[in-house]
Amino acid sequence: MTDRDADPHVSQRTDASATPPPITSLAGLLFGLAEAIALEAPQFGGGVLDPLTDSGLAHHHVRLGDHGVLARIPKQSQMQLDAHANLDYQAACFERAGASGRTPRLVGVLRPRPTLPRGALLVEHIVGRPAELPADLPQIAETLARIHALPVPQPGSRPPLGDAPDPLAALDDEVRAHALHLDDAMIAAPARAMIDRELDRLGALVARADRPAKRLIAFDAHPGNFVVRADGSAVLVDLEKCRYSYAPLDLAHATLYTSTTWEPGATVALSTDQLVEFSRDWSAVVAPAGDEEWLAPLRRAMWLWSVTWCAKWRVLSSASAASTPDGEDWSAANSDPAVTSHVRGRVDHYLDPAVIETIVAGFDEFDLRVASS
């Protein structure tokens, strides 16, 4: 939200004869949201639009009065979809994962319009506190297990969610698309050498014939996306990248150093013992079906996806903002300057050779521990 001087508490009443404020401003965002609610979801009208602090790269969030509903307004599509397809994809994420009882309910969809170019999802507003590590690891493991245990639909019923014939090969393709930015990201030579070795390792993994069970996964299960309710249950509140793939990718994303230190003030680096216990907590809820042997190799693969994304972000964040509501837009102008500054600091840290060396050494230790268990 770029207009930090605007009054964040805005009535939903709009004047059709008035000139709408620029859609890139906070006032413009709320004007478009109010207009869409009045036309498409009037049952949630009549209150105050209360924008939450801009804290992420993908969405603005606005509380709709006292209705217990949150509007998720996309800044971009991380799935590289146009505005309509992006909303449909995200709606399917909430609908499919909702059966777990550990994600927000989907309440409605506001279609894209000139004053709200990317539209919005209306979802249940989960009241609680941010997840804390390592204390909340068992709750996060249980929530992921509940999602992973959901029945997988027949192939014809899986769209629009991603359902690659070979999810591991598809992941490899994503990683290598990120890696195209490694040269322009000007990464230090020792860091680049370690990343290249892990790319070779991923290539060898893809060449294997065996695969783990395919499940519904979040693919964005880092701890900052969990809210812990008063009853102690953890709710996964960000679901825009769900797909049918491999559960160990979610277990990795929830516990990697690049996840547990991502949020402002987060400094937790989990021990190997804590990682093993987390996996056991997950296994206690869901029948693993051979996932265990994939915990270590897919942990490396998920980190490789994350660290090559860092290179991609370093390059693309300096680009100009996209002029259309389609696809990705990592430009710095798309988020609050404080958010961009924080992400830049994290990206620089994760691309540091000493940090990568420590992370890779941790993978080696986890590999040995899992192999001996």
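Me: What makes strand 9 and strand 10 count as paired?

Reply: In this predicted model, 3 bridges join strand 9 (residues 226-228) to strand 10, and the two run antiparallel. Pairing requires at least two bridges between the strands, so strand 9 and strand 10 count as paired. One of the partnerships is that of Val227 with Val235 in strand 10.

Me: To which sheet does this pair belong, and what makes a strand an edge strand there?

Reply: The pair belongs to an open sheet of 3 strands with the order 7-9-10 and antiparallel pairing. Strand 7 (129-130) and strand 10 (234-236) are its edge strands, as each pairs on one side only. In general, strands of a sheet pair through backbone hydrogen bonds, either parallel or antiparallel.

Me: Why is strand 4 described as largely enclosed by the rest of the structure?

Reply: Strand 4 (residues 69-74) has 6 of its 6 residues buried, so the rest of the structure largely encloses it. Burial here requires a relative accessible area under 20%. Val69, Ala71 and Ile73 point one way from the strand, whereas Leu70, Arg72 and Pro74 point the other way, and all are buried.

Me: How do you know which strands pair with strand 4, and in what sense?

Reply: Strand 3 (residues 59-64) is joined to strand 4 by 5 bridges, and the two run antiparallel. Strand 6 (residues 120-124) pairs with strand 4 over 4 bridges, in the antiparallel sense. The requirement is at least two bridges, so strand 3 and strand 6 each qualify as a partner of strand 4. Leu70 illustrates the arrangement: Leu70 is the bridge partner of Arg63, and in strand 6 the bridge partner of Leu70 is Val123.

Me: What do strand 3 and strand 4 form, and what is the phi of Gly65 in the turn?

Reply: The two strands form a hairpin with 4 residues between them. Gly65, in the turn, has a positive phi of about 50°.

Me: How do you know whether helix 6 is mostly covered or mostly uncovered?

Reply: Helix 6 (residues 247-255) is mostly covered, with 9 of its 9 residues buried. Among them are Leu249, Asp250, Leu251 and His253.

Me: Why is Tyr246 classed as buried or exposed, and where is Tyr246 found?

Reply: Tyr246 has a relative accessible area of 3%. The limit for burial is under 20%, so Tyr246 is classed as buried. Tyr246 is found in the loop between strand 11 (243-245) and helix 6. Not counting residues up to four places away in sequence, Tyr246 touches Asp166, Pro167, Leu168, Arg211, Pro212, Ala213, Lys214, Ile217 and Leu298.

Me: What makes the phi of Gln80 and that of Met186 noteworthy?

Reply: Most residues other than glycine have a negative phi. Gln80 has a positive phi near 60°, and Met186, not a glycine either, has a positive phi of about 55°. Gln80 lies in the loop between strand 4 and helix 2 (83-97), while Met186 lies in the loop between helix 4 and helix 5 (189-206).

Me: Why are Gln80 and Met186 classed as buried or exposed?

Reply: The relative accessible area of Gln80 is 54%, and the relative accessibility of Met186 is 71%. Exposure requires a value over 50%, so both residues are classed as exposed.

Me: How do you know whether the peptide bonds from Leu133 to Pro134 and from Pro159 to Pro160 are cis or trans?

Reply: Omega is about 5° for the bond joining Leu133 and Pro134, which is cis. The bond from Pro159 to Pro160 is also cis, with omega near 5°. Most peptide bonds, by contrast, are trans. Pro134 is in the loop between strand 7 and helix 3 (137-148), and Pro160 is in the loop between helix 3 and helix 4 (167-179).

Me: What is the radius of gyration of the chain, and how does it stand against that of a compact globule?

Reply: A compact globule of 373 residues would have a radius of gyration near 21 Å; the chain has 21 Å, so the two agree. The C-alpha trace spans about 70 × 45 × 40 Å along its principal axes. The chain has 11 helices and 11 strands, and buried residues make up 51% of its 373 residues.

Me: How many of the contacts between residues at least 6 apart in sequence join residues at least 24 apart?

Reply: The share is 73% of such contacts in the chain.

Terms used:
Residues numbered from 1 in each chain as written. Predicted model: local features only at pLDDT ≥ 70, side-chain atom pairs only at ≥ 80, totals over all residues. Heavy atoms only, no water. Rg over C-alpha atoms; globule rule 2.2 N^0.38 Å. Buried < 20%, exposed > 50% of the residue type's maximum accessible area, 1.4 Å probe, protein only. Contact = heavy atoms within 4.5 Å.
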